[in-house]
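Got your viewer open? Here is a short tour, one selection at a time.

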Amino acid sequence: MAINTLYKQQAAMQHQRNVIRPSGLRVGRRCTVVVRAGVVETLVKPFTTLGKVSDLKAGIAAFYDESSELWENMWGEHMHHGYYPRGAPPKSNQQAQQDMIEETLKVAGVTQVRNMVDVGCGIGGSSRYLSRKFGCRATGITLSPKQAARANAISRAQGFEDKLDFRVADALSQPFDSGAFDLVWSMESGEHMPDKRQFVSELSRVCAPGGRIIVATWCHRVLAPGETALRPDEAALLDRICEAYYLPAWCSVQDYKTLFEENGLVDIQTRDWSEEVSPFWGAVIATALTGEGLAGLARAGWTTIKGALVMPLMAEGFRRGLIKFNVITARKPAV
Ligand SMILES: C[S@@+](CC[C@H](N)C(=O)[O-])C[C@H]1O[C@@H](n2cnc3c(N)ncnc32)[C@H](O)[C@@H]1O
């Protein structure tokens, strides 16, 4: 069967399968069609699993409003993968998460920071860590009002009130002057962005000349020469993850590199740390299966439970080489 016909049939079937979830959001699987197109031009269109960008944003906000307290209770202030290089001595998951921050700084060659933006800040763990390390100011943005409030509360309690500020704002339309920050930091928020081109364009705009950009994000594998799309079974796996975690179409690290280049960024570095993060999902599943984890899930609600149910699919995606943990760093040229 011609591939185009197959796509059309699957898209029609997926459209029929669209359902209204208890949250009231329409949940679909449209990202399959986008992922298969396999070109940056298609990937960066504002096309979401939920059909509309506004629904996706509301879904992300509700997801983190609901699940962040449980994550903080079980894992602490960092809501991202840990860095567990092969052969290193055993360490706590929290240490591995701090090591992730340190390792990304090394890739980017960041040795000092004055004023940073934390794009997709969660409850502010990266901002506090980096402010402690560099004495810098930080402004964090998230779609979740509860995360922003919690990030401000923890930071005040730890004496950061003069240095750190967190608020609800959209990474695709940031409320900041151009060139405002010497470090633009996005730790595991890029996968939520429905328009990757606009995302990178905003990161680049708010970065000061001579400043650095660090993005750590989930990507799909780089397509092999001659391939124009992921395989249907791969796209189907990503769809199920998209639906549970409020993600739009995925792209590859190569797509990010192209977007960084389009924005005139230089010293672009990329890393594939899929191997280095591989113990993470097993550790998350193990904590979810404790008495405290299960009770917390039951208290948190359906959206969080749905997220927990697809955790094995993340592990499977990494095992199959489909899901990649990538880091992309760059410098904005000084004028
Ligand atoms: C997995 S959490 C990562 C949090 C934090 N960076 C950390 O490492 O602890 C993803 C974050 O991205 C944020 N996010 C997703 N889409 C966003 C958008 N369009 N604008 C701003 N924040 C967004 C979410 O609200 C959430 O805070």
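Which residue in β6 does Met116 stand opposite? Select Met116 and look across to β6: the residue there is Leu183. Keep in mind that this is a predicted model.

Now turn to β4, where Met116 stands opposite Ala138. Show the whole of strand β3, residues 115-119: 4 of its 5 residues are buried, so β3 is largely enclosed by the rest of the structure. With β4 (residues 137-142), β3 pairs in the parallel sense over 5 bridges. With β6 (residues 181-187), β3 also runs parallel, joined by 3 bridges.

Next, add helix α6, residues 125-134. Together, β3, α6 and β4 make a right-handed β-α-β unit.

Zoom out to the sheet. It is open, has 7 strands with mixed pairing, and reads β5-β4-β3-β6-β7-β9-β8. Color β5 (164-168) and β8 (266-272): they stand at the edges with a single partner strand each, so one side of each has no neighbour in the sheet. Ignoring direction, neighbouring strands are turned by 15° against each other on average.

Stay at the β5 edge: β4 and β5 pair in the parallel sense over 5 bridges, and Ile141 has Arg167 in β5 as its bridge partner. Bring α6 back: this helix packs on the sheet, touching β3, β4, β5 and β6, and its direction makes about 175° with that of β4.

Last stop, the ligand. Select the 23 residues that surround it; the closest are Gly120, Gly122, Ala171, Ser189 and His192. α4 (53-75), α6 and β4 each give two or more residues to this shell. Color the shell by type and you get 10 nonpolar, 11 polar and 2 charged residues.

Note on methods: Residues numbered from 1 in each chain as written. Predicted model: local features only at pLDDT ≥ 70, side-chain atom pairs only at ≥ 80, totals over all residues. Buried ≥ 20, exposed ≤ 12 C-beta atoms within 10 Å, placed from the backbone. Pairing = 2+ DSSP bridges. Right-handed = clockwise from strand over helix to strand, strands pointing away. Near = placed C-beta within 6 Å. Nonpolar A, V, L, I, M, F, W, Y, C, P; charged D, E, K, R; others polar. Axes fitted to C-alpha atoms, helices over the stretch in contact; angles between N-to-C directions. Contact = placed C-beta atoms within 7 Å.
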